[in-house]
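Colleague: I am new to reading structures, and I would like to know where the words come from. Could you show me the model and let me ask about the labels?

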Amino acid sequence: PMDWDGGGMGGDWLGGTDRLDNPGNKALVDCTCRVEVVDMGNFKRCTELGLYPFGDLEAFLVDSRGKESGRVDGAEMAACILDISIKEDAEGQGIVSMLTQGRTPKYTSWNSGACATEVSVFVNVLEAAGDIKYHLFAGRSAGVTASSELQGKGWRHLYNFRQGFGGEELSYFAHTGSMRIAVALPYVGTGFHCGVPVWSGYIS
C-alpha cells in the first residue's frame, strides 16, 4: 500500500482534500489514506485481503479453475483498495476526493443529453467505523454511495441512473470515521441497463 499523495494516486485520477462550503480551502480537514491495487487473479492474495468469495463478481470471472494453485485463470481484473481515516471534517463540510478525474472526456455533455446514463460499479466494504461514506462517480453520472451498511456483505453491484451526462468524474469520502473499501477495476460502466450488472469495463 502507498499513501495517496506519495505515489498511490496519479495519471488522470486524482486525490485531495477540499471543503463544500469553501472550495479550495483545506483547513480543518485531517485525513490519512493508503492505496493498494491488487491482481484479482491472485486467488491467494485475494483470500488474504478478504476479497474472496467474489459474490456478485463471480459471473464475470471467465474461468474459476485453478484456485488450488493460487491463481484464478481468466480473472484479468484488479481491485483498488482504499484504506482511509478522516479524523476532522470541518464540521461536516470537509471531503476527501479519491478516484476523481483530472481530464474531462470528450463525450461529456455537462448536464445535458436526451439519453439515460447509468453508473455501474462493484464494491466490497471490508471495514468501516463512524459516519464515513464514499460517494462514487457523482460527476459524470448519477453516482452511488457506499457506507458501513455494506460492511461484511462482500462484493456488491451498485448502480444509479440519470438523464444525460454530467461533468468531470467525482468520487469522495465524507464525514468522520474510517473505511477500507475495494473497488473492482476497470470500475465504471455507463449506458442504461435497468440495473442489470454489466461488466464494469464495458462502456456503451
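Colleague: Why is D3 called partly exposed?

Modeller: Buried means under 20% relative accessible area, exposed means over 50%, and partly exposed lies in between (1.4 Å probe, protein chains only). D3 has a relative accessible area of 37%, so D3 is partly exposed. Before we go on: this is a predicted model, in which local features need pLDDT of at least 70 and side-chain atom pairs count only at pLDDT 80 or more, while totals for chains, interfaces and linings use all residues. Residues are numbered from 1 along each chain as its sequence is written, and side-chain values use heavy atoms, with hydrogens and water left out.

Colleague: What makes the contact of R34 and D3 a salt bridge?

Modeller: The term asks for a side-chain nitrogen of Lys or Arg within 4 Å of a carboxyl oxygen of Asp or Glu. For R34 and D3 the N to O value is 2.8 Å, so the pair fits the definition. The two residues sit in distant parts of the chain, 31 residues apart: R34 in strand β3 (residues 29-39) and D3 in strand β1 (residues 2-3). Strands here are DSSP runs of E with at least two residues, and helices are runs of H or I with at least four, numbered from the N terminus. R34 counts as partly exposed because its relative accessibility is 37%.

Colleague: How many salt bridges are there in the whole structure?

Modeller: A search finds five. Another one of them joins R180 and E127, at 3.7 Å from N to O. This pair also links distant parts of the chain, with R180 in strand β11 and E127 in strand β6 (residues 112-130), 53 residues apart. R180 has 15% relative accessibility and therefore counts as buried, whereas E127, at 45%, counts as partly exposed.

Colleague: Where do R45 and E48 lie?

Modeller: Both are in helix α2 (residues 43-49), three residues apart, about one turn of the helix. They form a salt bridge too, with the closest N and O atoms 3.3 Å apart.

Colleague: Why is strand β11 described as largely enclosed by the rest of the structure?

Modeller: Eight of the nine residues of β11 (residues 177-185) are buried, so the description follows from that count. Strand β11 also pairs with β4 (residues 78-89) in the antiparallel sense, over nine bridges. Two strands pair if DSSP finds at least two bridges between them, so β4 and β11 qualify. Within this pairing, L82 stands opposite I181 in β11.

Colleague: What makes β2 and β8 edge strands?

Modeller: Picture an open sheet of five strands in the order β2-β5-β10-β7-β8, with antiparallel pairing. β2 (13-19) and β8 (144-146) each pair on one side only. Seven bridges join β2 to β5 (residues 94-101), and T17 has V96 as its bridge partner in β5.

Colleague: Is S171 buried or exposed?

Modeller: S171 counts as buried, because its relative accessibility is 0%. This residue lies in the loop between β9 (156-165) and β10 (172-174). Among the residues it touches are V96, Y134 and F137; contact means heavy atoms within 4.5 Å.

Colleague: How much of the chain is buried?

Modeller: Buried residues make up 48% of the 204 residues. The secondary structure of the chain comes to two helices and 11 strands.

Technical notes. Lists of a residue's contacts leave out its neighbours within four places in sequence.
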